[in-house]
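Biologist: I would like to go through this model term by term and hear why each label applies. Where should we begin?

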Amino acid sequence: MKNNIFVLKSFSPDELQSFTGWSLGDEAVKSGAEESGFLLDTFDWLLWQAECVLFFSGSFLRLYRNGKTVSAEAVSAPKNYEDIPEGKLRELVRMNTSPRILEIKAQCAIKTDCFGIINEDGKTICRIRLSTVSINDFSCLFAELMPLKGYDREGAMVQAALEDQGGKRTLRSPIVHALRKSGLRPGAYSTSAEADCAPDAPVADVLRDILLKLLNIMEQNEAGAAEGLDSEFLHDFRVALRRSRSAFTMFKGVFPPEEHAYFRTKLSELFSRTNSARDLDVYLRKIQEYRTLLPDDMRDDLMPVEKYLARSRKKEHERIVSLLGSAEYADLKAEWRSFLSHETHTEEGRRSVRDSAAEVIKKAYGRIYKEGRDLHGESPAEEIHRVRIGCKKLRYALEFFRTIFPEKAADGVTKRLKRLQDALGAHQDYEVQREKLMYYTEEAAKRLKKPVSMSLASGYLARYLDELQKAEREKCLELIEDFVSAKTRGLINEMLK
């Protein structure tokens with residue numbers, strides 16, 4: 001018989017004795033002092049999404065995952081995985097949160113006592129661990145039944161007694177169960193802007209709703225991007241902005257031409273002003289990985305490039321802070337929200353969202369088909385990149401409107417598209433990273449008297465990136481061929497019919 005955990009409203013030793021005839025031991029087998037501290041997670045609850053809960057008590061960290069716990073010493077709450085001592089816990093946090101920072105999500109206290117159940121012969125036939133988990137103002141009582149070898153029948157009897165007291169079995173760890181019931185909303189943050197509408201709803205209304213959701217996501221990430229605590233705030237801000245531009249552009253005729261042109265230009269300008277900061281964020285992360293690709297005696301030669309990136313990132317962050325705190329940005333947001341809150345649209349905006357979305361998806365796929373079918377091994381990188389841009393637009397359209405098309409066909413198309421996008425993204429990354437590496441190296445060299453060793457290391461790395469890109473190109477071409485095949489076209493037609 002395995003251990004089982006029960007959620008209880010209260011626990012009565014007298015009722016247990018009345019039901020089984022057995023008593024609770026006079027003293028706790030193991031009495032745990034109350035542990036109090038904080039639950040830590042990322043802004044977007046990445047640990048929670050990975051079925052993990054991280055508890056910091058003031059002297060240790062404990063990660064709860066799949067009914068098991070991993071602990072490590074910690075005298076202060078870690079800001080990210082790098083603040084956690086080397087070991088399994090650090091690796092689990094790194095895998096699930098990097099590059100995000102950790103923040104306090106809630107106060108938490110855990111009180112645990114373990115008792116033996118004594119039969120009429122004075123023998124211990126099983127143990128019960130009673131735990132009270134308090135998260136903010138919410139508390140929950142748990143009893144974990146731990147049967148002992150040779151006493152399965154007695155264990156089953158105690159289990160029946162717990163169920164008689166209203167115990168409900170849970171497969172989750174007490175802290176995970178308590179967090180779920182506490183009223184907090186782990187995972188409430190989402191970057192999704194999926195349409196929630198009937199297929200015959202006017203497309204203008206649906207688009208406004210999607211664009212307002214995206215504006216809200218941008219605003220949720222402003223503070224984090226301005227503080228510069230981790231790079232994902234700016235990343236999510238930019239993704240929401242890029243999706244807004246894409247949705248606005250794809251449905252060109254839905255809004256009056258003058259307003260459409262005005263906001264399209266403004267959103268594009270805003271996006272451009274965040275490009276450099278994002279490029280530097282990506283490269284600062286990548287440069288650590290790139291060092292490991294170099295021969296041992298060349299690894300330190302890239303240090304001047306790293307220092308240049310860090311200095312440049314600091315300046316770009318100051319520009320981001322200035323931009324997000326400016327009256328110009330506040331005015332643009334106010335204008336954009338006001339526009340999206342009023343029913344301003346053309347006759348085209350009265351069409352059903354299903355008809356309009358189907359037309360947009362057909363057009364986006366048609367462009368991928370036209371530009372992708374003639375690609376070959378010697379095609380310029382910019383031609384492959386154009387297919388990538390087309391894939392992004394199609395992906396956004398599929399995500400926005402997936403609820404109004406048959407789920408099975410839509411998921412089939414999206415699955416193929418994701419595979420292609422991953423390969424196209426890697427191909428373009430190698431292209432950009434090689435170009436950026438040479439640019440950053442030239443800039444860093446301006447501060448050095450002897451930049452030769454740095455230039456040699458960058459040259460070595462550039463050739464390596466070139467080889468990686470060539471290998472990725474072959475994969476891209478295979479996946480493009482699959483995506484423009486009759487089978488994928490059949491899936492699209494099935495989805496849109």
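Modeller: With the word helix: a helix here is a DSSP run of H or I with at least four residues, and helices are numbered from the N terminus. The model is predicted. The chain comes to 16 helices and 10 strands, and its C-alpha atoms fill a box of roughly 85 × 65 × 50 Å along the principal axes.

Biologist: Which helix gives the largest share of the lining of the largest pocket?

Modeller: Helix 14, with 10 residues. Helix 7 (232-250), helix 8 (257-272), helix 9 (275-293) and helix 13 (381-401) also give two or more residues each, as does helix 14 (407-445).

Biologist: What makes a residue part of a lining?

Modeller: A lining residue has an atom within 4 Å of a grid point of the pocket or cavity. The largest pocket, with a volume of about 1,500 Å³, has 37 such residues, and the closest to its centre are Arg238, Arg242, Arg388, Lys392 and Tyr396.

Biologist: How is that lining divided by class?

Modeller: Into 8 nonpolar, 10 polar and 19 charged residues. Asp, Glu, Lys and Arg count as charged, so Arg238, Arg242, Arg388 and Lys392 belong to that class. Tyr counts as nonpolar, so Tyr396 does not.

Biologist: What makes a space a cavity?

Modeller: A 1.4 Å probe fits in a cavity but cannot get out, whereas a pocket is open. The count comes to 3 cavities of 30 Å³ or more.

Biologist: Which residues line the largest cavity?

Modeller: Leu39, Leu40, Asp41, Trp45, Leu47, Cys52, Val53, Leu54 and Leu179 line the largest cavity, which has a volume of about 50 Å³. Its lining has 8 nonpolar residues, no polar ones and 1 charged; Asp counts as charged, so the charged residue is Asp41. Strand 3 and strand 4 (52-56) each supply at least two of the lining residues.

Biologist: What lines the second largest cavity?

Modeller: Trp48, Glu51, Cys52, Val53, Arg172, Val176 and Arg180, around about 40 Å³ of space. Strand 4 and helix 5 (174-181) give two or more residues each. The division is 4 nonpolar, no polar and 3 charged.

Biologist: Is Trp45 buried or exposed?

Modeller: Buried, because its relative accessibility is 10% and the cut-off is under 20%. Trp45 is found in the loop between strand 3 (30-41) and helix 2 (46-49). Buried residues make up 48% of the 497 residues in the chain.

Biologist: Why is the phi of Trp45 worth a remark?

Modeller: Because most residues other than glycine have a negative phi. Phi of Trp45 is near 55°, a positive value. Asn136 also has a positive phi, of about 50°, and is not a glycine. Asn136 lies in the loop between strand 8 (124-135) and strand 9 (138-147).

Biologist: Why is Asn136 called partly exposed?

Modeller: Because its relative accessible area is 40%, and partly exposed lies between under 20% for buried and over 50% for exposed.

Biologist: What about Thr97?

Modeller: Thr97 is in helix 3 and counts as buried because its relative accessibility is 0%. Beyond residues up to four places away in sequence, Thr97 touches Thr42, Leu46, Leu47 and Leu102. Thr97 and Asp44 are 53 residues apart in sequence and 9.6 Å apart in space, C-alpha to C-alpha.

Biologist: Is the peptide bond from Ser98 to Pro99 cis or trans?

Modeller: Cis, with omega near 10°. Pro99 sits in the loop between helix 3 (88-97) and strand 7 (103-118).

Biologist: How do helix 14 and helix 16 cross?

Modeller: Their axes come within 8 Å and cross at roughly 145°, and the crossing is left-handed. Ala409, Ala410, Gly412, Val413 and Arg416 of helix 14 meet Lys487, Thr488, Leu491, Ile492, Glu494 and Met495 of helix 16. These residues divide into 6 nonpolar, 2 polar and 3 charged. Gly counts as polar, so Gly412 is one of the polar residues.

Biologist: And where do the axes of helix 13 and helix 14 stand?

Modeller: They come within 9 Å and cross at roughly 140°, again in a left-handed crossing. The contact includes Arg388 and Lys392 of helix 13, and its residues divide into 10 nonpolar, 6 polar and 5 charged.

How values were computed. Residues numbered from 1 in each chain as written. Predicted model: local features only at pLDDT ≥ 70, side-chain atom pairs only at ≥ 80, totals over all residues. Heavy atoms only, no water. 1 Å grid on protein atoms, 1.4 Å probe; cavity = no way out; pocket = protein on both sides within 12 Å on 5 of 7 lines; lining within 4 Å. Points joined across faces, edges and corners; volume = space filled by probe spheres on them. Axes fitted to C-alpha atoms, helices over the stretch in contact; angles between N-to-C directions. Left-handed = near helix turned anticlockwise from the far one by under 90°. Contact = heavy atoms within 4.5 Å. Buried < 20%, exposed > 50% of the residue type's maximum accessible area, 1.4 Å probe, protein only.
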